[in-house]
Amino acid sequence: MAYPFEHLKLEKGMYQESGRSFTETLARLDPDEAYQGTALEGLDPFQRQLKRFDIKVRGMGSDVVDKFFSTSQSAVLFPEYIARSVRQGMEEADLLPNLLASTTEIQGMDYRSITSVPDGESKKLRRVEEGAAIPATTVKTQENLVRLHKRGRMLVASYEAIRYQKLDLFSVTLRQIGAHIARTQLEDGVKVLMEGDGNKNPAEVTNVKASGTLTYDDLVAFWAKFDPYTLNTILVPNDVMVKLLKLPEFQNPMTGLNFQGTGQLSTPLGAKLLRTAAVPAGKLIGLDSRYAMEMVTGGGVSVEYDKLIDRQLERAAITSIAGFAKIYPDASKVLAV
C-alpha cells in the first residue's frame, strides 16, 4: 500500500512558511487523518519522514549523522532533528511550566501584556442590591513592553568530525544545549518575579524575624500574606533548601517517603518546593502559579537550517526567544532569609 508521505517533496522552503514550523508545514501536506487505522497511526509527519528514509535516531541501532545526507531530500530533515533534540533537553530541565499562568506565542518582538490590580474593596465579592452598580474589575495593558531575550548556543563542529557519530550519542549533546537554554530562560523568569517586568511591579520582600534564622513561624506568616491568592509554589536556592530541610516540620516521615518515592519534596504548607540556582542565595520566592506570570515566546527553537542542510556546521546558531511579564503582582512575593 502506498502512503502519501512516501511521495512528498522535501525542500528548504518548508522552513520559511510564515507562522508555521517545519512540522506544521509537513502536517498541512501530509495530514495525520490519512493514517487512522493503519500501522503508521500515532506517528507525526516528521516521524513518518524518518521512516520513509529509514533513519533511526535513538537506541543501540541508531544510524550515524551521515544517514541524513544520503539524499538531498533527507538532508532537509536534519535541522528539524536538531531542533527536536534541543527541545527535548529544554523540557527535561525545565521548571518554567511550574511557574506559568499563561504562555503566549507572538510573531515579532513587541508585546504588551495585560494586568488587573483591584483594590482591597473590589477584591471582595459583595452582594449586589437591586438597581445598584455591579463592582468592576478594570483590565488594562501594561505601560511598558515585555522584553524578549534571545538565548542559545552556537553549534561548532565540522561535518567531517560528526558524520560518523551515532545519532543517539549526538542527541545527548543537543539535549545539553537545550538544558542550557532552559536554565537561562528560568533565570530570566525568576528575575521578573523578583524585580518586576519594568512596570513598577517588583515583588514584596519580607525579612525573617531573626536575621539568618528561618523558622516555621516565618513560613506560616509568609503563607498568610498571599490571601486572596494561594501559595502553591516555592522556589529556593541550595542554601535555603538546606535550612528548610533542617526544620522539624520538614522531617515528617510522610515528607521523607514522598521524596524517596517521587524525588519531589512537599511542604507542610501544601506548596510545591522547587530547588534552583536561578534564585539568589538567601532568598525564597513564593507564588500562586495560576496568576503570577506570563511567558511570551517568539516561536520555538530556531536553527540555521540553510547551514545545517548544506553541511556547514562550523558555526550554526541554535536559539530560542522568550520574555516574561507579571500578571498579578501580588501573586508572587519574596522571603529574605
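**Confidence, ring pairs and helix α2 in a predicted model**

In this predicted model, the chain has a mean pLDDT of 87, and 87% of its residues reach 70 or more.

User: Which element of the chain has the lowest mean pLDDT?
Analyst: Among the elements of the chain, the highest mean pLDDT, 97, belongs to strand β9 (residues 283–287). At the other end, with a mean of 59, stands the element covering residues 253–262, helix α9.

User: Are the planes of the Y3 and Y35 rings stacked, edge-to-face or tilted?
Analyst: The structure holds 15 aromatic pairs, and in the one formed by Y3 and Y35 the ring centres lie 5.8 Å apart. Planes under 30 degrees apart would count as stacked and those over 60 as edge-to-face. The planes of Y3 and Y35 are at 35 degrees, so the pair is tilted.

User: How many residues apart are Y3 and Y35, and which parts of the chain does the pair link?
Analyst: Y3 is buried, and Y35 is buried too. Y3 belongs to the segment before α1 (22–29), while Y35 sits in the loop between α1 and α2 (45–52). The pair therefore links distant parts of the chain, its residues being apart by 32.

User: Which residue caps the N-terminal end of α2?
Analyst: The buried residues of α2, among them P45 and F46, pack against α1 and α4 (78–92). At the N-terminal end of the helix, the backbone nitrogen of F46 has a side-chain oxygen 3.0 Å away, and the capping residue that supplies this oxygen is D44.

User: Which residue lies over the face of F226?
Analyst: The distance to the ring centre of F226 is 5.7 Å, and the residue placed over that face is K333.

Notes
Residues numbered from 1 in each chain as written. Predicted model: local features only at pLDDT ≥ 70, side-chain atom pairs only at ≥ 80, totals over all residues. Heavy atoms only, no water. pLDDT = per-residue confidence, 0-100. Helix = DSSP H or I, 4+ residues; strand = E, 2+ residues; numbered from the N terminus. Phe/Tyr/Trp six-rings, centres within 6.5 Å; stacked < 30°, edge-to-face > 60°. Buried < 20%, exposed > 50% of the residue type's maximum accessible area, 1.4 Å probe, protein only. Lys NZ or Arg CZ within 6 Å of the ring centre and 35° of its normal. Contact = heavy atoms within 4.5 Å. Polar contact = N/O pair within 3.5 Å; in protein donor to acceptor, adjacent residues only side chain to side chain.
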